[in-house]
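Colleague: I'd love a close look at one part of this model, followed by whatever helps me place that part among its surroundings. Could you take me through it in one go?

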Amino acid sequence: MQHTQWFLGIDGGGTKTEALLGAGKNLVWGKAGPSNPHAVGVAAAAKNVKAAILAAERQLGRKRPYPAVIGLAGMDTPKDVSTMRRALTKELRGIVAPGWKLVNDIIIALRSGTDAKHAAVIISGTGSNAYARGPKGIARAGGRGHRLADEGSGFAQGSVALHAVTKAADGRGPKTLLTKYVLEHFKIRNIDGLIPIVYEPAFGKPQIAALAPYVQFAAERGDAVAKNILLDAAKELALLATTIIQKSGLQHKVFPLVTVGGIFKCPIVLPAHFYKVVRKAAPKVQFVRPKLRPALGAWLMAGGR
């Protein structure tokens, strides 16, 4: 390894940051806290990117600077990119090589599933986002954060779940198994115990998104409220996908649609409805679950092989 160039790939979102460092088969992973600047702030996001790199270096050593591609959630406007790039340039001085790239995390997510010229990708994890490259060019939808978008995401499902258990407690809505899961998750005796928790300044998007798996658990056990939450999420995600497919001109093409995020691992309701709606809009679509983690997609884009 002493005479081999090492490459660096970063995947950062609202929950965690992953770094992949090395070359060939000699690769190590480093992890740190979230690096979506809209979730934790620009300074904290940059520090967490650095922390993930340092965690990887502790295992492999240093061979700086590294050709790097950094894919972060929240890179939705030119201003987002320029602001974050300034912070990273300062934080990563001497660590990344000249020419390093900062991109929206959806770009590295696409690369983790395919390198096809015409392709599309949809992310549904903590947030949601969609992107396509087609004969009409590039198309985007969603990806503007939880106050403007993130429909169908873990955050959206968790938020609806909180409202559902509150309505159930009041008698304004049907009883739901989600109540049991939420009470156990927060270690409280009744729904009023949520009030001091959810209005704490530190309680935000990641904590709400963490409730999404309980929606799946409840739906698997036949809970009607949870099933409806999943169905609504499927409709929103399908709308994201069909919008970018049509805008990019892929609806009559054979192309891969990469589906990224834990939401798509849900075994009932959501994937079936999502696939049905998208296939109706684009009959030749090929659904792809990425075999690579997004950080590996970033590492490949940086020049790793």
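In which loop does Asp150 lie?

Modeller: Happy to. Please keep in mind that this is a predicted model. Asp150 sits in the loop that runs between β8 (137-142) and α5 (154-170). The backbone there deserves a look: phi of Asp150 is near 65°, a positive value in a residue other than glycine. Asp150 is also buried, because its relative accessible area is 2%, and the cut-off for buried is under 20%.

A useful companion is Val269, which is not a glycine but has a positive phi of about 65°. Val269 belongs to the loop between β9 (255-260) and α11 (270-281). With a relative accessibility of 24%, Val269 counts as partly exposed.

From the loop of Asp150 we can step into α5, the helix at its far end. Helix α5 packs with α10 (residues 224-248) at an angle of about 145°, and their axes are 10 Å apart. The crossing of α5 past α10 is right-handed. On the α5 side, the contact involves Gln157, Val160, Ala161 and Ala164, which meet Val225, Ile229, Leu230 and Ala233 of α10. Sorted by character, the residues of this contact are seven nonpolar, one polar and no charged.

Now to some other backbone features. Arg64 and Pro65 are joined by a cis peptide bond, with omega about -5°. Pro65 is part of the loop between α2 (42-60) and β4 (68-72). That loop also holds Tyr66, whose ring partner Trp6 lies in the segment before β1, so the pair ties together parts that are 60 residues apart in sequence. The Trp6 and Tyr66 rings are stacked, at 6.4 Å centre to centre with 15° between the planes. Both Trp6 and Tyr66 are buried.

Another ring pair is made by Phe186 and Phe203, with centres 6.0 Å apart and planes at 50°, so this pair is tilted. Phe186 lies in α6 (residues 178-186), while Phe203 is in the loop between α7 (195-198) and α8 (205-209), so the pair ties together parts that are 17 residues apart in sequence. Phe186 and Phe203 are both buried. Elsewhere, ring pairs link Phe264, Phe274, Tyr275 and Phe287 into a cluster. The count of aromatic pairs comes to nine.

Rings also meet charges here. Arg85 lies over the face of Trp100, 3.9 Å from the ring centre. In a second case, the charged end of Arg293 sits over the ring of Trp29, at 3.7 Å from its centre.

Let me finish with α12 (residues 294-301), a mostly covered helix in which seven of the eight residues are buried. Those buried residues are Pro294, Ala295, Leu296, Gly297, Ala298, Trp299 and Leu300. They pack against the strands β1 (7-12), β2 (17-23), β3 (26-32) and β4, and against the helix α4 (105-113). Just after α12, Gly303 has a positive phi of about 120°.

Technical notes. Residues numbered from 1 in each chain as written. Predicted model: local features only at pLDDT ≥ 70, side-chain atom pairs only at ≥ 80, totals over all residues. Heavy atoms only, no water. Helix = DSSP H or I, 4+ residues; strand = E, 2+ residues; numbered from the N terminus. Buried < 20%, exposed > 50% of the residue type's maximum accessible area, 1.4 Å probe, protein only. Contact = heavy atoms within 4.5 Å. Axes fitted to C-alpha atoms, helices over the stretch in contact; angles between N-to-C directions. Left-handed = near helix turned anticlockwise from the far one by under 90°. Nonpolar A, V, L, I, M, F, W, Y, C, P; charged D, E, K, R; others polar. Phe/Tyr/Trp six-rings, centres within 6.5 Å; stacked < 30°, edge-to-face > 60°. Lys NZ or Arg CZ within 6 Å of the ring centre and 35° of its normal.
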